[in-house]
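Please open the structure in your viewer and keep the selection tool at hand for a short tour.

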Amino acid sequence: MTTHPSPAVIARYTDRHAVLDEVTAWSVEVHLEECTDCRALVAQSTEDDSRDLLASIAAGVDRGIAAGPAPEKRPGWAAARHRWMVWRLAPWLIMTVAVLACAVGLEALQPSLPSLVALLAPVAPLPAVAIAWSRRQDPAWELIAGTPAAGLAMLLRRTAGVLVVVIPALAVASTRTQGSLALTLLPCLAFTAATIAVGGFIGVRRAAVTLGTAWAVAVILPAVVTAELPVMLRPGSSGGWAIVALALGGLVVARSENFRRLTSHD
Amino acid sequence: MRTVSAAETAPTTHPWAVHAEGLRVRAGRHVAVDGLDLALGTGVHGLLGPNGAGKTTLMRALATVLKPAGGKLTLLGEAVDGRGDLRRVRRGLGYLPQQFGFYPRFTVREFVEYMAWLKEMPKTAIPGATQRAIDRVGLTAKAGARMKTLSGGMLRRAGIAQAIVNDPAVLLLDEPTVGLDPEQRLDFRELLRDIGVDTCVLVSTHLVEDVVAACSDVVLVSEGRLVYQGTPDDLVTQGGDGDPGDSPAERGYSALLRRHRAEAGR
């Protein structure tokens with residue numbers, strides 16, 4: 001803040017007949033913009049006719065505000081903002097939860113089978129994550145892709161929206177069966193991170209399809225056929241899953257500029 | 001009345017708001033923009049060209065939605081062809097895509113506010129800027145209506161409102177006059193002239209008379225290359241009586257295209 005101009009200078013500034021050189025007038029004006037006390041001084045030293053004028057302007061503005069339309073009510077648009085997400089994702093999330101419920105039911109009916117919940121946990125969030133970052137599903141993708149907010153932060157926010165539903169569902173499903181909680185949730189997080197990391201290179205939708213298919217063919221199918229839980233889902237492997245999830249998360253953050261533009265595969 | 005910040009009055013350090021040198025952009029596998037050189041400053045530029053000339057692909061590349069396959073592209077003094085951070089440039093962009101998707105449940109105000117939020121405008125500035133943008137396109141009476149209840153011309157105007165909400169330094173409008181009735185088109189031309197005083201506006205259109213009426217500069221592209229850049233008056237002088245077209249400007253347009261095709265065919 002500049003030093004306060006002397007009252008004499010302010011008096012000359014407000015008196016329209018007094019002579020004040022331009023440079024001093026500028027410095028007073030710059031100071032007045034940020035100093036309430038000096039503005040009050042200026043207001044006091046104005047003449048009666050200017051005060052009358054200001055009062056009539058204030059009254060006019062008040063009248064205009066009272067006569068004009070009421071200000072628009074602020075909608076709860078934190079909710080509105082994600083409305084599209086909620087509607088587009090709802091069917092996929094409902095499907096995911098339904099499949100998990102079926103897995104719980106099958107486990108209860110066929111205890112000889114390996115834990116289906118644990119086998120399905122890694123791929124459970126993938127369909128919804130693919131939908132959350134897809135140009136086919138988002139009608140305004142072209143508008144959004146050109147905004148500064150588009151990028152990893154937006155993808156992570158949408159993924160979080162998916163996980164908020166999928167993780168509690170998995171937790172409930174795994175406590176209903178004999179599977180371990182860590183070996184249900186950690187693979188789920190690791191696969192989500194892997195989808196996003198690989199998606200940075202080949203597109204999130206393609207990454208989800210590739211990883212989901214690979215897991216189904218390489219792990220779920222043999223496990224169901226041999227009726228034995230695969231090595232990576234046996235107790236003791238949760239540390240490995242945690243490390244994989246962290247490493248992939250780091251890769252995602254390091255390559256965050258991959259998500260600045262939607263590729264044609266998304 | 002508001003205080004003008006130093007950043008707003010600072011001189012620009014770039015000669016052109018949009019500068020492309022040998023720009024190549026792919027649309028799928030096809031190279032739609034092939035070696036385009038373009039320099040645009042402040043003013044309203046009309047982008048003309050036959051179907052398939054690469055206008056929309058060029059617009060997408062300028063909006064930073066598509067990544068150029070080659071050449072140099074500089075927007076507001078920052079290179080946007082590489083892996084650089086696009087956020088700063090994107091904050092200064094306004095873009096209306098040709099196929100303009102929207103969320104049908106949003107009201108016009110919610111939609112424009114959401115786009116302003118995505119453009120990372122200061123939270124306190126969003127409601128005022130939204131109202132101003134809606135007023136400028138003449139949708140004040142429809143601000144509370146849901147997007148799905150709007151007619152085609154109103155949707156187009158809502159799209160223009162979201163493009164200008166952040167007072168962009170580069171405004172890209174792809175076919176903005178589609179669906180507007182003649183009176184609205186006159187209003188729109190007025191708006192363009194108004195915005196073009198201190199902004200670089202690029203309007204892609206098929207209507208030669210729109211360009212002549214509202215633009216300070218004509219850019220003609222064909223097969224992904226720049227054919228002609230000049231003033232509308234200059235475009236008029238390019239045409240002779242023997243060229244097809246109903247107005248002098250249309251005759252100039254078809255004469256330029258014919259000449260270009262004849263040269264390319266040789």
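The tour below moves through a predicted model, beginning with a strand and its neighbours in chain B and ending at a surface patch in chain A.

Begin by selecting strand E7 of chain B, residues 170-174, and displaying its side chains: five of its five residues are buried, so that the strand as a whole is mostly covered. If you look along E7(B), you will find Val170(B), Leu172(B) and Asp174(B) pointing one way, while Leu171(B) and Leu173(B) point the other way.

Next, add strand E6 of chain B, residues 93-96, which runs parallel to E7(B) and is joined to it by four bridges. To see where the two strands face each other, select Leu93(B), which stands opposite Val170(B) of E7(B).

Then bring in strand E8 of chain B, residues 200-204, which is likewise parallel to E7(B) and is connected to it through five bridges. Here Leu173(B) is a good residue to centre on, as its bridge partner in E8(B) is Val203(B). With both strands still displayed, add helix H7 of chain B, residues 182-195, and the right-handed β-α-β unit made by E7(B), H7(B) and E8(B) can be followed.

Finally, turn to chain A and select Leu53(A), Leu54(A), Ile57(A), Val61(A) and Ile65(A), which form a nonpolar patch on the surface and together have about 490 Å² of accessible area. Leu53(A) lies in helix H4 of chain A, residues 48-67. Is Leu53(A) buried or exposed? Leu53(A) counts as exposed because its relative accessibility is 51%, and the cut-off for that class is over 50%.

Key:
Residues numbered from 1 in each chain as written. Chains lettered and ligands numbered in written order. Predicted model: local features only at pLDDT ≥ 70, side-chain atom pairs only at ≥ 80, totals over all residues. Heavy atoms only, no water. Buried < 20%, exposed > 50% of the residue type's maximum accessible area, 1.4 Å probe, protein only. Pairing = 2+ DSSP bridges. Right-handed = clockwise from strand over helix to strand, strands pointing away. Patch = residues over 30% accessible without salt bridge, like charges linked within 9 Å, V, L, I, M, F, W, Y side chains within 5 Å. Areas by Shrake-Rupley, 256 points an atom, 1.4 Å probe, with all protein chains shown as cover. Salt bridge = Lys/Arg side-chain N within 4 Å of Asp/Glu carboxyl O.
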